[in-house]
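This report is written for a reader meeting the structure for the first time. It looks at how the helices pack, what lies in the interior, and which residues stand out.

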Amino acid sequence: MATRATRKPATSALDAFHPAVQRWFAESFAEPTAAQQGAWPAIASGNNTLLLAPTGSGKTLAAFLVAIDRLMFTPRPAGQTEGVRVLYISPLKALAVDVERNLRAPLAGVRAVAQRDDIPYHLPQIAVRSGDTPSSDRYRHTKTPPEILITTPESLFLLLTSRSREILRSVETVIIDEIHSLVGTKRGAHLFFSLERLERLRQEDRKSVV
């Protein structure tokens, strides 16, 4: 007698996330967007990822959710001092402010789920650094570095050429928004030079640990 084979459920793009993150997403959205489904596995594996998607496709959460998962539920690597772990670069100061505001919603949502389900978590600090940032806030960022720093290409350059660059040695993830507006321009070339400088700074820190 013939029998019908049981089909194994398709693997979800959310399967790699912590259960608290999965529950928050399931309670907040119907399902991941195509951009999120395609981006999350690549980002989680540590690959450089270029995400091309229209407005309203969930690009910001596609870029940030893996980092949020890691920051909230994975202890800081052994031997790593306090510092920025996620660096978000925006070509516009206004966009940087919007991203900072929008990022607080998933952080608060995941925290609420973790508290409800009695799951230990760490709530990362966020800061915006641009030409409009008061000197008092810049000083505070140096003394107590945020784990998520939102900045612009010009402010990143100034940060890397100052003593405050030490807070960037611990960067694990770099997110560049609206990269198409920078490619092929002087600002883009300037930014890529800063990213090379950032990588050298990170490599120096790794050598010192070894």
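## Helix packing and cores

Helix α1 passes helix α4 in a right-handed crossing, a crossing being right-handed if the near helix is turned clockwise from the far one by less than a right angle, and left-handed if anticlockwise. The model is a predicted one, in which local features need pLDDT of at least 70 and side-chain atom pairs count only at pLDDT 80 or more, while totals for chains, interfaces and linings use all residues. Residues are numbered from 1 along each chain as its sequence is written, and side-chain values use heavy atoms, with hydrogens and water left out.

Two packed helices are described by the angle between their axes and the distance between the axes. The table gives these values for two pairs; axes are lines fitted to C-alpha atoms, for helices over the stretch in contact, and angles run from 0 to 180 degrees between N-to-C directions.

| Helix pair | Axes come within | Crossing angle |
|---|---|---|
| α1 (residues 19-28) and α4 (residues 93-116) | 9 Å | roughly 115° |
| α2 (residues 34-44) and α3 (residues 59-73) | 9 Å | roughly 35° |

Where α1 meets α4, Ala 20, Val 21, Arg 23, Trp 24 and Glu 27 of α1 are in contact with Pro 106, Gly 109, Val 110, Val 113 and Arg 116 of α4, contact meaning heavy atoms within 4.5 Å. These residues comprise 6 nonpolar, 1 polar and 3 charged, where Ala, Val, Leu, Ile, Met, Phe, Trp, Tyr, Cys and Pro count as nonpolar, Asp, Glu, Lys and Arg as charged, and the others, Gly among them, as polar. The crossing of α2 and α3 is also right-handed, and its contact includes Trp 40 of α2 and Leu 65 of α3. In that contact 10 residues are nonpolar, 1 is polar and none is charged.

The chain as a whole has 7 helices and 4 strands, these being DSSP runs numbered from the N terminus, with helices (H or I) of at least four residues and strands (E) of at least two. Of its 210 residues, 39% count as buried, that is, under 20% relative accessible area, with exposed meaning over 50% and partly exposed in between (1.4 Å probe, protein chains only).

The largest nonpolar core, a set of buried Ala, Val, Leu, Ile, Met, Phe, Trp, Tyr and Cys residues joined through side-chain atoms within 4.5 Å, has 34 residues, and Trp 40, Phe 64, Leu 65, Phe 73 and Ile 148 have the most contacts inside it. Its largest share, 11 residues, comes from α3. A second, separate core of 16 residues includes Leu 149, Leu 168, Val 171 and Leu 198.

## Individual residues

Arg 202 has its place in helix α7 (residues 186-209) and is buried, with a relative accessible area of 14%. Not counting residues up to four places away in sequence, Arg 202 touches Leu 168, Arg 169 and Val 171.

Two residues other than glycine have a positive phi: Asp 118, near 55°, and Glu 178, about 50°. Asp 118 is in the loop between α4 and β2 (126-129) and counts as exposed at 71% relative accessibility, whereas Glu 178, in the loop between β4 (173-176) and α7, counts as partly exposed at 32%.
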